[in-house]
Amino acid sequence: MAFISIQEALDKGKGNVHLHGWVYRERGSNELKFIVLRDSSNIIQCVCKKTDFSANEWDELDKLTIESSIELEGTLHPDKRAPTGYELHVKTFQVIQRADTFPITKDQSTEFLLDVRHLAIRSRRLTAVMKIRSTVMDAFRTFFKTSGYYEMAPPILTPNACEGGSTLFSINYYKHKLYLTQSWQLYAESAVFALEKIFCISPCFRAEKSKTSRHLSEFWMAEMEAAWIGLDQLATIAEECVSFIVQEVIKKNEKELVILERDVEKLRTVTAPFTRITYADALKLLKEKEKINIPFGKDLRTIEEDLIMKHFDKPVIVTHYPKEIMAFYKPKDPKHPETALCFDMLAPEGYGEIIGGSQRDTDIEELKKALKKEGEKIENYKWYLDTRTYGSVPHAGFGMGVERVVNWICGLDNIKDAIPFPRTMLRYTP
Ligand code: 4AD
Ligand code: MG
């Protein structure tokens with residue numbers, strides 16, 4: 001028997017078809033039973049007429065529960081009242097498994113839905129988000145593959161901190177202490193001297209203590225590193241990459257964006273180039289337009305990022321943050337030594353930082369000084385510093401938070417819905 005997907009059936013619009021899926025909704029009367037069937041592709045209303053079935057069969061149909069799995073055969077008919085415009089007039093059916101009473105009903109709390117995430121994941125909303133997430137990852141990969149980059153696999157278990165010690169998860173590795181990776185960067189900076197242009201999409205781990213709608217303890221970072229480029233070229237690659245991703249989602253996930261009720265017009269405007277401002281410009285904007293005085297040298301918090309982004313419809317690239325507060329590998333700008341050659345990309349509509357990137361310091365003494373300041377032992381980084389003593393060249397890279405981008409593109413309320421099984425300080429099951 002050849003089963004087709006619900007979407008294929010809707011595209012076909014007529015004739016006899018075999019479908020299989022899950023009961024999304026059901027209601028019945030003495031004469032008719034309506035089943036809204038779902039599969040990964042879409043939903044379709046299916047109608048069963050009592051007179052077409054034996055007493056036993058009707059009893060089985062009548063007792064069908066939400067999320068029961070079922071095979072149906074019938075004919076397709078256009079019907080304006082049906083949720084997706086067509087109806088299946090059911091001729092034969094087979095129940096694969098009759099589900100117990102499904103614990104998810106309408107209007108349940110966010111925490112309960114997270115407790116039963118293994119079931120909630122079937123919702124149309126989360127299915128739509130997961131499809132968009134899949135497009136985002138594909139698009140990132142395509143963007144770099146078609147620009148001559150190689151995909152490079154970084155280790156997940158690492159002996160070093162990359163983004164500071166305070167958010168490291170340590171693990172017992174045989175008798176040694178290792179950490180879960182915070183970013184592929186130190187390894188990328190080694191491999192880039194072999195492959196020159198590289199990228200990865202990899203899980204990253206940070207013991208974030210902040211309970212915000214933007215932080216996960218386990219998230220996926222899409223990162224790139226390239227030799228022979230500086231900050232300007234890096235920022236151009238970042239804006240072109242993000243534009244490409246957004247436009248791919250608009251092209252490939254029209255249906256999903258409708259399910260999520262996303263304002264697509266806002267996404268359509270996301271095309272490169274983006275506005276670039278310096279951190280100093282950002283402070284000026286905050287002072288003049290928001291009457292907020294942030295002294296030079298203080299990092300921008302979520303609240304300040306949001307106030308800045310009130311003034312822009314597209315992502316903005318903020319460059320030249322204060323050197324003092326930046327990770328050890330960000331070099332100072334020779335023209336403005338109090339600032340670093342780095343950038344963050346901020347998303348509009350209150351979604352905050354989606355990318356962090358920088359040129360990399362090639363001055364070994366500066367690197368040692370900065371590492372010491374962070375309280376790191378230089379000998380632990382000897383392997384990394386070797387990259388600067390054997391044919392070092394200028395290079396730069398960035399990391400894009402996959403869930404941050406999905407959060408924004410989907411217009412979600414919380415980053416937890418941008419990943420199938422979220423991990424935060426308080427949420428680690430199922
Ligand atoms: O700005 P970050 O910390 O930069 C780095 O880790 C660099 N080593 C990347 C590089 O240059 N290769 O992190 C990069 C991005 C952030 O802009 C954010 O989008 C995301 O990773 N991110 C998180 N996303 C979710 N939850 C968290 N706890 C995140 N921390 C960072
Ligand atoms: Mg950052």
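## Reading sheets, helices and hollows in a predicted model

User: I'd like to start with the open sheet. In what order do its eight strands run?

Analyst: The open sheet of eight strands has the order 6-10-11-18-17-16-13-12, and its pairing is mixed. Strand 6 (150-151) and strand 12 (275-278) stand at the edges with a single partner strand each, so one side of each has no neighbour in the sheet. A word on the source: this is a predicted model, where local features need pLDDT of at least 70, side-chain atom pairs count only at pLDDT 80 or more, and totals for chains, interfaces and linings use all residues. Residues are numbered from 1 along each chain as its sequence is written, chains are lettered from A and ligands numbered from 1 in the order in which they are written, and side-chain values use heavy atoms, with hydrogens and water left out.

User: What counts as a strand or a helix, and how many of each are there in the protein?

Analyst: Both are DSSP runs numbered from the N terminus: helices are H or I with at least four residues, strands are E with at least two. Here the protein has 14 helices and 18 strands.

User: And how do I read the pairing of strands?

Analyst: Strands of a sheet pair through backbone hydrogen bonds, either parallel or antiparallel. Two strands pair if DSSP finds at least two bridges between them. At one edge, strand 6 and strand 10 (residues 197-205) pair in the parallel sense over two bridges; Glu151 has Phe199 in strand 10 as its bridge partner. Towards the other edge, strand 12 and strand 13 run parallel and are joined by four bridges, with Thr278 bridging to Thr319 in strand 13. Strand 13 and strand 16 (residues 342-347) run antiparallel, also with four bridges, and Val318 has Asp344 in strand 16 as its partner.

User: Which way do the residues of strand 13 point?

Analyst: Val316 and Val318 point one way from strand 13 (residues 316-319), while Ile317 and Thr319 point the other way; all are buried. Buried means under 20% relative accessible area, exposed over 50%, and partly exposed in between (1.4 Å probe, protein chains only). Over the whole protein, buried residues make up 52% of the 430 residues.

User: Which helices go with the open sheet?

Analyst: Look for contacts, meaning heavy atoms within 4.5 Å, then for the angle. Axes are lines fitted to C-alpha atoms, for helices over the stretch in contact, and angles run from 0 to 180 degrees between N-to-C directions. Helix 5 (residues 124-145) packs on the sheet and touches strand 6, strand 10, strand 11 (218-227) and strand 18 (395-401), making about 150 degrees with strand 10. Helix 6 (residues 185-195) lies across strand 6, strand 10, strand 11 and strand 18, at about 35 degrees to strand 11.

User: Which strands form the closed barrel?

Analyst: Its five strands run 1-2-3-5-4, with mixed pairing. Neighbouring strands there are turned by 55 degrees against each other on average, direction ignored. Strand 1 and strand 4 (residues 69-78) pair in the antiparallel sense over eight bridges, and Gly21 has Ile70 in strand 4 as its bridge partner. Helix 2 (residues 55-62) packs on this sheet, touching strand 2 (32-38), strand 3 (43-49) and strand 5 (86-97).

User: How do I tell a cavity from a pocket?

Analyst: On a 1 Å grid over the protein atoms alone, a cavity is a set of points where a 1.4 Å probe fits but cannot get out, and a pocket is an open set with protein on both sides within 12 Å along at least five of seven lines; lining residues have an atom within 4 Å of a point. Grid points are joined across faces, edges and corners, and a volume is the space filled by probe spheres set on the points. By this rule there are two cavities of 30 Å³ or more.

User: What lines the largest cavity?

Analyst: Its space is about 50 Å³, and among its lining residues are Thr158, Cys162, Trp184 and Tyr187. Helix 6 gives the most to this lining, with three residues. For the second largest cavity, of about 30 Å³, helix 5 gives the most, with four residues.

User: And the second largest pocket?

Analyst: About 1200 Å³ of space lies in it. Of its 34 lining residues, the closest to the centre are Ile104, Thr105, Leu113, Ser123 and Arg125. Helix 3 gives the largest share of the lining, four residues.
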